[in-house]
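Visitor: I've got this one open in the viewer and I'd like a close look at a single part rather than a tour of everything. Could you pick a spot, stay with it for a while, and then tell me how a few other places compare in the way they are put together?

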Amino acid sequence: MRGALYPDDHAFAEGLVYPKVASLSDAAGHIPDNEADAQRLLDVWTRFSKGAVLDDNVKLGIKARLINGGAPENVRIHGPTAIRGILKAEGNATIQIGKYTYVGDDTILSASQSITIGQATLLAHGVQLFDNDSHPTHADQREIQFRRMLGDKRIAIPLEIRSKPIVIGSRCWIGLGSAVMKGVTIGDDTVVAAQSVVTSDLPAGVVAAGNPAKVVRELRPDERLPTPNPPGG
């Protein structure tokens, strides 16, 4: 049985995406000639199955990763959807992903509060969504944070890392290598050009580009029209 994306489906990535597997033999049925990759697929699905709430028709790539510090329901993925990237929800943060969404290879969703993605939105390869600053702006606190990462737990002061939710609407396209920073809301249908850095809200129905990203044009009315009688509704 093949994965959901085919070699001619314009996915510049490692392998296909695969439905849920519950055993190594299930995984080997999808990747029969590579035992190591079959094991990776099983490991990926085991982590997502235990750590998130997924619709039955969600599909995962072997490079997908999930880190969820809270309850499984804090990460909710509707389907059909293809996930190839990294999802990280710290503490009680939430990640919500709508159906028909694509999360490309090496894409990172890092949530300290919440990241919400509408349906039919495409996150190209290498996109970075951070609803937080990752590190304190205070230099001494950054040193303490990294010392803790290296195993030094002696300094117990709280760290000040700013965060604010990200909301991306439906039918958006966030281009290759772009970054969306904390507190940003992007309206429906909007396109963010490759390598852009989005630091403030973008309205619905525009193309934006640059660092910081600015609106370069509005979408034409025909670019936002629904397809008549789309299959599956």
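Guide: What follows starts at one edge of a sheet, stays with two residues there, and then moves outward.

Keep in mind that this is a predicted model. The sheet to find is an open one of six strands, paired in parallel and ordered E1-E4-E7-E10-E13-E16. Its edges are strand E1 (53-54) and strand E16 (185-186); each has a single partner strand, so one side of each has no neighbour in the sheet. Let's go to the E16 edge. The partner there is E13, residues 166-168, and the two strands run parallel with two bridges between them. If you want a landmark, put Val167 in the centre of the view and look across to Thr185 in E16, which stands opposite.

Now step off E13. Gly169 sits in the loop that leads from E13 to strand E14 (173-174). Is this glycine buried or exposed? Gly169 has a relative accessible area of 11%, so it counts as buried, the cut-off being under 20%. Leaving aside residues up to four places away in sequence, Gly169 is in contact with Gly118, Thr121, Ile186, Gly187 and Asp188. One of those, Ile186, belongs to E16 itself, the strand that spans 185-186.

Do the equivalent on the other strand of the pair. Thr190 is in the loop between E16 and strand E17 (191-192). Along the chain, Gly169 and Thr190 are 21 residues apart, and their C-alpha atoms are separated by 8.1 Å. Thr190 comes out at 0% relative accessibility, which means that it counts as buried. What does its side chain reach? The side chain of Thr190 reaches the backbone nitrogen of Gly205, at 3.1 Å. Beyond four places in sequence, Thr190 touches residues on both sides of itself in the numbering: Cys172 and Trp173, and then Leu202, Pro203, Ala204, Gly205 and Val206. Trp173 is part of E14, the strand at 173-174.

Val206 takes us to the next stop, as strand E19 covers residues 206-210. E19 pairs with strand E20 (residues 213-218) through five bridges, and here the sense is antiparallel. A hairpin of two residues connects E19 to E20. To check the register, take Ala208: its bridge partner in E20 is Val215. A little further along the chain, Glu223 and Arg220 form a salt bridge at 3.5 Å, N to O. Both ends are partly exposed, Glu223 at 31% and Arg220 at 44%.

That salt bridge is one of 15 in the whole structure, and another group of them is worth a look. Start from Lys63, which makes a salt bridge to Asp105 with the closest N and O atoms 3.5 Å apart. Lys63 lies in the loop between strand E2 (58-60) and strand E3 (65-68), while Asp105 lies in the loop between strand E8 (102-103) and strand E9 (108-111), so to speak a link between distant parts of the chain, 42 residues apart. Lys63 also bridges to Asp106, this time at 3.4 Å. The two aspartates sit differently in terms of accessibility: Asp105 is buried at 5%, whereas Asp106 is partly exposed at 48%. Lys63 itself is partly exposed, at 27%.

Finally, the helices. H2 (residues 35-51) has 17 residues and spans 24 Å from first to last C-alpha, close to the 24 Å expected. At its start, a side-chain oxygen of Asn34 comes to within 3.2 Å of the backbone nitrogen of Ala36. Its buried residues are Asp37, Ala38, Leu41, Leu42, Val44, Trp45, Phe48 and Gly51. Helix H3 (residues 139-149) has Gln141, Ile144 and Gln145 buried; viewed down the axis, the buried residues of H3 fall within an arc of 100°, so they line one face of the helix. After H3 comes Gly151, with a positive phi near 110°.

Note on methods. Residues numbered from 1 in each chain as written. Predicted model: local features only at pLDDT ≥ 70, side-chain atom pairs only at ≥ 80, totals over all residues. Heavy atoms only, no water. Helix = DSSP H or I, 4+ residues; strand = E, 2+ residues; numbered from the N terminus. Expected span 1.5 Å × (residues − 1). Buried < 20%, exposed > 50% of the residue type's maximum accessible area, 1.4 Å probe, protein only. Polar contact = N/O pair within 3.5 Å; in protein donor to acceptor, adjacent residues only side chain to side chain. Pairing = 2+ DSSP bridges. Salt bridge = Lys/Arg side-chain N within 4 Å of Asp/Glu carboxyl O. Arc of directions from axis to C-beta. Contact = heavy atoms within 4.5 Å.
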